[in-house]
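Trainee: Give me a close look at the charged side chains and how they pair up, then show me what lies around them. I'm happy with one long answer.

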Amino acid sequence: MVGKTESQNGAVKATAAPAMNLESDLFSNFSFKSFKLKTKQQELLLRVSILGLVYILAFITRLFSVLRYESMIHEFDPYFNYRTTLFLTEKGFYEFWNWFDSESWYPLGRIIGGTLYPGLMVTAAFIYWTLRFLRFAVHIREVCVLTAPFFASNTTVVAYFFGKEIWDSGAGLVAAAFIAICPGYISRSVAGSYDNEGVAIFALLLTFYLFVKAVNTGSLAWALASAFGYFYMVSAWGGYVFIINLIPLYVLVLLITGRYSMRLYVAYNCMYVLGMLLAMQIRFVGFQHVQSGEHMAAMGVFFLMQVFYFLDWVKYMLSDTKLFQAFLRITVTSAIAVGALALGVGTASGYISPWTGRFYSLLDPTYAKDNIPIIASVSEHQPTAWSSFMFDFHILLFLFPAGLYFCFKKLSDATIFIVMYGLTSMYFAGVMVRLILVATPAVCLISAIAVSATIKNLTSLLRTKSKTAVAGSSKGTGGSKASSKASFDQSQPFQKNGAIALLLGAFYLLSKYATHCTWVTSEAYSSPSIVLAARGAHGNRVIFDDYREAYFWLRQNTPPDAKVMSWWDYGYQITAMGNRTVIVDNNTWNNTHIATVGRAMSSYEDEAYEIMRSLDVDYVLVVFGGVTGYSSDDINKFLWMVRIGGGVFPVIKEPDYLVNGDYRVDKGAAPKMLNCL
Amino acid sequence: MEALLRPRIMLSLTIILIPIFLFISGASSHQIRINNAERRIDLSTHIVKVFLTLKVENTGKTSASEILLAFPPTQVDHLAFLEALAATGKKKKKTYVSLAVKPTQLPDAPNETNYYTIVLANPLNTGETATLEILYILTHSLEPFPVEISQSESQLVYYRDSALILSPYHIKQQTTFIKIPSNKVESFTRVEPTDRAGNELKYGPYEDRPPYSYSPLLVHFENNNPFSVVEELVREVEISHWGNLQITEQYKLAHAGARHKGIFSRVDYQSKPTFSGVSSFKHLLARLPPRVHSVYYRDEIGNISTSHLRADSWKISELEIEPRYPLFGGWRATFVIGYGLPLEDFLFESSDGRRYLNFTFGCPLVETVVDKLTIKVVLPEGAKGPSAVVPFPVEQRLETKYSYLDVVGRTVVVLEKKNVVPVHNIPFQVYYTFKPIFMLAEPMMLASAFFLFFTACVAYLHVDLSIRK
């Protein structure tokens, strides 16, 4: 028995990290020799310690950016989140809720409380207040920087329980280890990337886990918990739409495959009704939850569920099959008719709003390019390249189909869910780069099932050879084990060697994965993008801190009411670091306003001056990277200014800025290009 | 008088002579006579240092124990430091005795003249002479003109004073030397005999001037030294009896020279540093105590990567810092410098069992004026009876601060002083009593919290909480 736990554990350990491996080995040896613990206690101890180490690992691996640069907020959007969190901690919740921000979108302003997902800010503020209460004198910036790694650690725990729910605890541990270091997730949760996604993935996985648990147990308590998880998700990220569409889809699939049960009925109804009511409390969502097109599927499935239940009841009451068939036909026809009518009337009267542009662009990847340049201009909304799949998932990409195979082999309500989650999110990940993030937990879980099942089969093969007594192990490894045992009897020596080779191969792959993940994290995903680092001629690190230099100058040396015009990328950073009013920022809610700025940037100087006077602009911030070779400067983004400006003001035509279809910025550039601002 | 001194009028009139003869009656002013006065004004930086040597003779009937120094009201606002020494002995073996100086109000002071009284160590008897060495330091006394300059221009400033030493006493003979940083002098007031040699102007000698003689003097010269002014500096010194002294300094730095006009070209600035932005300053030097460690330099939006530290275990450590952008006239920058120091270098136990912190007052930045300096000494939790000993007058008060794991809060001794110059960098002491047992309070708190947590875990694993059986 002792041997069994150890080898099982070994399979798990290798996936996490070499350092962890060693430590838990020591730990297990120690616990075996000095205390004679019962097997169950040993297993618990091992599981808890492995999970604890994975938890710490997930946190530590995200700290590269802090060690290499400093404890600072990264990128663009996090600066807005940081600014709002600061406001929340200083002024309190009610002020925050009613905050009208006049510093952005001058002269329009922005109602912050009603146009953001407050989950992240409230979470960070809550952590901050808790630490303050416990007399830890931390700065709010440190809390914000470390929120994402902290939630990534929590995600590993959720992944463990999720894996345990859909497969077994071994798969759970592997899933936890995978997700702790998966680059697809790390890219959005390194220390300093204080963005909604950081907490949202935790909330997403938690909601899914609780829902699957509710479906598996049919318990009202779990369904309630999942509704609250959903509420947290809604408060944190716009990606909650994925949940509210995936779960009805899942329920629909279960209905079609004839897996309808009372458990499902309880879980879905409770989760939907309560989740909907809770979600409507978030001001940014509000009545959209019952009105907009994206949420209609959930409502449709809810009514379908009632019809199904009703039919079930009627079937129970009517003993006559023929009568029931007739009744069924009438009910289904009328239900569909009523549903279609309601949808049609709702859409026609404007009560149900149509789908938004972003949603369309998910279903039809070419939609944004043709219709909404502002969405297409964001680099993270581009379709995903194959290389970035490989970069973000590495071996998980190959393990994913294998895991699907195992899931199909052992179909249950839970595995159907994870299969559907995996397939849909993989599709979305292919459409938009940033949605790789949503696919990551599913890929990790499914791959973990593959790894866990494979290694378990192989080790059980080895063990039955050496010790036949173990055959009576209480751990159910399912049909695959039985079949392998049957085949093992026929050609024992060859199988044993093969199993060893395969195990070694698996360990090699997993260790490669760990190395790759660490490398990717340290090289690619830990740069704050506001401070640039390069290797100098002598191998020393050169740091370009020009952005902050400019923002700090604005902060210190311009009048406090100065208005700064820049392209919208820099809006959040100027308001957060420069503390000055901007014309447009990264919350791209008003396309016309952005187009005005684009027009100003791409017009002749005298026209541009007129536009700027009308916007009351005092300073213009432009970024030029020609001297240092920094590529994402304003010249590079200029074509998008032209396109977005041209989308609203037809005066601006893209061909005016091109020479024979090429974009040039040197002497040979188009005359309009050279003469514009 | 003030209206006449406006710069534009002064430009047209290069030489102006308004001797003011004012006679006041005062017992002391008649009996003291200054035989010889020599004044050296050092204008090489924006901190004006004036060395005054007075040979005083008592010509009255009774002995005198006090000497009055007079300052015009424009100077007294900028007076940062005043020190008087009595010199005794011959040239080679001169010994100096520091004398007490206190501000004095006289009821019938002409033109709002302000006075400081020097209290002599030994009263001056009739016919005796004494030599007094007086050093005083003026800040914000160089006025940039033109007020705005562009990046390529150099900075010109005015200095105003009186060619004759303002004094309530009769001065028999006096000379004034003014040292300027370079040879470039636009103009200077001539009060004959006036002489110029290189970077030194000589006014005098003037003979037999009555009390309260005044002759306006204006020098217009080039001064490209950085006019670094810290508008507000808060230094927090936190004592931890675990062996560390943590210092956090918050600066609000400004360039107080001629304001920058027009655009700033980074390319010009970097390609020809000798012509472009000569009056701006790129880097500052901070002198930190020896054995300094964990130095950081940051501002509200993050770390500033441009700094160099030359740490030394015996000598003064030097920290060279660069603000995010070069500071031109009128530009501002705020930043924070923090560092740790070994406690045994600064904390001592006095003979009566109390502990005292011996630390340097003032600002570690070289050649910098601090308009408002606040020093906060954070004593450890549980420290009692704090008292501060500072060699010059400061405002004092107590505060409470909560730091990591504090329950009752730490006592903070706050010292405030306006107009601080580098000569104020002298040690001060804060005395307090502290029982070492308080050191263990926080570790014990943490240990017990963890103990409770683990106990709860053990209890959870061993107790069956389910309702069903």
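Mentor: First a term: a residue is buried when its relative accessible area is under 20%, exposed when it is over 50%, and partly exposed in between, with a 1.4 Å probe and protein chains only. By that yardstick A:Lys456 and A:Asp168 are both buried. Keep in mind that this is a predicted model, where local features need pLDDT of at least 70 and side-chain atom pairs count only at pLDDT 80 or more, while totals for chains, interfaces and linings use all residues. Residues are numbered from 1 along each chain as its sequence is written, chains are lettered from A and ligands numbered from 1 in the order in which they are written, and side-chain values use heavy atoms, leaving out hydrogens and water.

Back to that buried pair. A:Lys456 and A:Asp168 make a salt bridge, with 2.5 Å between the closest N and O atoms. The contact links distant parts of the chain, 288 residues apart: A:Lys456 belongs to helix H24 (residues 436–466) of chain A, and A:Asp168 to the loop between helix H8 (140–166) and helix H9 (169–181) of chain A. Those labels come from DSSP runs numbered from the N terminus: H or I with at least four residues for helices, E with at least two for strands. Over all chains there are 35 salt bridges, each one a side-chain nitrogen of Lys or Arg within 4 Å of a carboxyl oxygen of Asp or Glu.

Chain B has some too. B:Glu148 bridges to B:Arg259, closest N and O atoms 3.8 Å apart. They link distant parts of the chain, 111 residues apart, with B:Glu148 in strand E9 (residues 148–149) and B:Arg259 in strand E18 (residues 259–260) of chain B. B:Glu148 is partly exposed at a relative accessible area of 35%, and B:Arg259 is partly exposed at 42%.

Next up are B:Glu222 and B:Lys184, a salt bridge whose closest N and O atoms lie 3.8 Å apart. B:Glu222 is in strand E15 (residues 216–222) of chain B and B:Lys184 is in the loop between strand E11 (170–179) and strand E12 (185–188), so this bridge ties together parts that are 38 residues apart in sequence. Its two ends differ in cover: B:Glu222 is buried, at 11% relative accessibility, whereas B:Lys184 is exposed, at 53%. Salt bridges can also chain up: through shared partners, B:Glu236, B:Glu238, B:Lys401, B:Asp406, B:Arg410 and B:Glu442 join into one network.

Charges turn up over rings as well; the test is NZ of Lys or CZ of Arg within 6 Å of the ring centre and within 35 degrees of the ring normal. The charged end of B:Arg40 sits over B:Phe177, 4.3 Å from the ring centre. In chain A, A:Arg62 lies over the face of A:Tyr185, 5.1 Å from the centre of that ring.

Rings pair with each other too, if the centres of Phe, Tyr or Trp rings (for Trp, the six-membered one) lie within 6.5 Å; planes under 30 degrees apart count as stacked, over 60 as edge-to-face and the rest as tilted. The total is 54 aromatic pairs over all chains. One of them is A:Phe93 with A:Trp97, stacked at 5.4 Å centre to centre with 20° between the planes. These two are four residues apart in helix H6 (residues 93–97) of chain A, which means about one helical turn separates them. A:Phe93 is partly exposed, with a relative accessible area of 36%. Ring pairs also link up a cluster in chain A that includes A:Tyr160, A:Phe208, A:Phe242 and A:Tyr427.

Finally, some charged residues sit within strand pairings, where DSSP has to find at least two bridges between the strands. Strand E7 (residues 129–138) of chain B is mostly covered, with seven of its ten residues buried. It pairs antiparallel with strand E4 (residues 79–88) of chain B over eight bridges, and there B:Glu133 of E7(B) is the bridge partner of B:Leu85. E7(B) also pairs antiparallel with strand E2 (residues 48–58) of chain B, over ten bridges, with B:Leu138 as the partner of B:Val48. Elsewhere in chain B, strand E22 and strand E23 (residues 317–321) are antiparallel over four bridges, and B:Arg310 has B:Glu318 in E23(B) as its bridge partner.
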